Amino acid sequence: MKRKSDTYKVGRNDPCPCGSGLKYKKCCYGSKAPEKGTLAEIYMKKYNIRLKQKRDIAGIRRAGRLAIETLDLVEARLEPGITTEMINTWVHEFTIKSGAVPAPLNYRGFPKSVCVSVNEVICHGIPGERVLAAGDIVNVDVTPILDGYYADANKTFFVGDPGPDARKIVNVARNSLKAGMAAVRPGSTVGDIGWAIQSYAEGKGCSVVREFVGHGVGFAFHEAPQIFHYGRKGEGIALVPGMVFTIEPMINLGRRYLTVLDDNWTAVTRDGSLSAQFEQTVWVTANGVESLTPFDL
């Protein structure tokens, strides 16, 4: 004779038996049986996501502090008349002097130590002889490797006195990152992040670039998972403590479509409209989210 306890089934809203701390419906529901093993083992097996431990977080935080110091240095020196190559020199020399290595240099053939993207350039701008003019906006994207750990951050700066379009797109991009970060907590999903960003940006009459994504980071430049900046609530991988990834929405003042130039790196808006971006490296904690590259938004 079977007892009631013998036939008990895990409910959709019950804690998942795998130990993730998520509800069963957001974790192992739909699989033949709940996953077994530690949370780190489960996420590595299912998603190739390497959860970070306490010592890893400390290492990424140190690299993140260097990333922010680098951006602060650039911001203090920006003015009309400088070239994007000068920004590359500042970033490269400061990174090396600080005992780190610039991750972009020679990454898949990228020839410089930093991405510098001006006005209509969405991302991956290669520093060179372009001269910054008053009214420009310029995104500077840095990724130092310090003691084996990576941290990734970027900001879009004003050069001189910005016009109304420049002010709008930079403000919307900044707040898009803020909206995405606010969606991060254990039990949320990757789709929740994308939905928050897309809803905010499109609500302001701007568009979200879809060809580039945020990504896991820490042990390598790019790790799983991919973080889309558009999406639907509740869809995608569930967030759990120990995940570290970037959120880096690229927001266009016009339409979302892009063209990659002949250098195979520089992405520009197809309609020539302004584009802006902000990025931070974030850590999913037991209670919410912490930025490992913190700056005011």
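Trainee: How many aromatic pairs does this structure hold?

Mentor: The structure, which is a predicted model, holds 7 aromatic pairs.

Trainee: Let's take F110 and W265. Why is this pair called edge-to-face?

Mentor: Two values settle that one. The ring centres of F110 and W265 are 5.1 Å apart, and a pair needs centres within 6.5 Å. Their planes stand at 80°, and an angle over 60 degrees counts as edge-to-face, so the name fits F110 and W265.

Trainee: What makes this pair a tie between parts of the chain?

Mentor: Look at where the two residues lie. F110 is in the loop between β1 (101-102) and β2 (115-118), while W265 is in the loop between β13 (258-260) and β14 (267-269). The pair therefore ties together parts that are 155 residues apart in sequence.

Trainee: How do you know whether F110 and W265 are buried or exposed?

Mentor: Set each value against the cut-off: buried means under 20% relative accessible area. F110 has 2% relative accessibility, so F110 counts as buried. W265 has 19%, which is still under 20%, so W265 counts as buried too.

Trainee: And F278 with F295, what makes that aromatic pair tilted?

Mentor: The angle between the planes of F278 and F295 is 45°. Stacked requires under 30 degrees and edge-to-face over 60, so the rest, this pair included, is tilted. The distance is 6.5 Å centre to centre. F278 lies in the loop between β15 (275-277) and β16 (280-284) and F295 in the segment after β17 (289-291), so the pair ties together parts 17 residues apart in sequence. Both F278 and F295 are buried.

Trainee: Which residues do ring pairs link into a cluster?

Mentor: Those are Y107, Y150 and F221. Y107 comes up again at the largest pocket, as one of the residues that lie nearest its centre.

Trainee: How do you know that the charged end of K233 sits over the ring of W195?

Mentor: The distance is part of the test: the charged end of K233 is 4.2 Å from the ring centre of W195, and the limit is 6 Å. The charge must also be within 35 degrees of the ring normal. Similarly, R210 lies over the face of Y230, at 4.5 Å from the ring centre.

Trainee: Now the sheet. What makes β8 and β15 edge strands?

Mentor: The open sheet has 3 strands in the order β8-β12-β15, with antiparallel pairing. β8 (207-208) and β15 each pair on one side only, and they are the edge strands.

Trainee: How do you know that β12 and β15 pair?

Mentor: Pairing takes at least two bridges, and 3 bridges join β12 (residues 250-252) to β15. The two strands run antiparallel, and M250 stands opposite Q277 in β15.

Trainee: What makes strand β7 mostly covered?

Mentor: Of the 6 residues in β7 (residues 153-158), 5 are buried. β7 also pairs with β4 in the antiparallel sense over 6 bridges, with I137 opposite F158.

Trainee: What lines the largest pocket?

Mentor: The lining has 27 residues, and Y107, H124, F212, H215 and H222 lie nearest the centre. These lining residues divide into 11 nonpolar, 10 polar and 6 charged, around a pocket volume of about 630 Å³.

Trainee: One last residue: why is C27 called buried?

Mentor: The relative accessible area of C27 is 12%. The cut-off is under 20%, so C27 is buried.

Definitions and conventions
Residues numbered from 1 in each chain as written. Predicted model: local features only at pLDDT ≥ 70, side-chain atom pairs only at ≥ 80, totals over all residues. Heavy atoms only, no water. Phe/Tyr/Trp six-rings, centres within 6.5 Å; stacked < 30°, edge-to-face > 60°. Helix = DSSP H or I, 4+ residues; strand = E, 2+ residues; numbered from the N terminus. Buried < 20%, exposed > 50% of the residue type's maximum accessible area, 1.4 Å probe, protein only. 1 Å grid on protein atoms, 1.4 Å probe; cavity = no way out; pocket = protein on both sides within 12 Å on 5 of 7 lines; lining within 4 Å. Points joined across faces, edges and corners; volume = space filled by probe spheres on them. Nonpolar A, V, L, I, M, F, W, Y, C, P; charged D, E, K, R; others polar.
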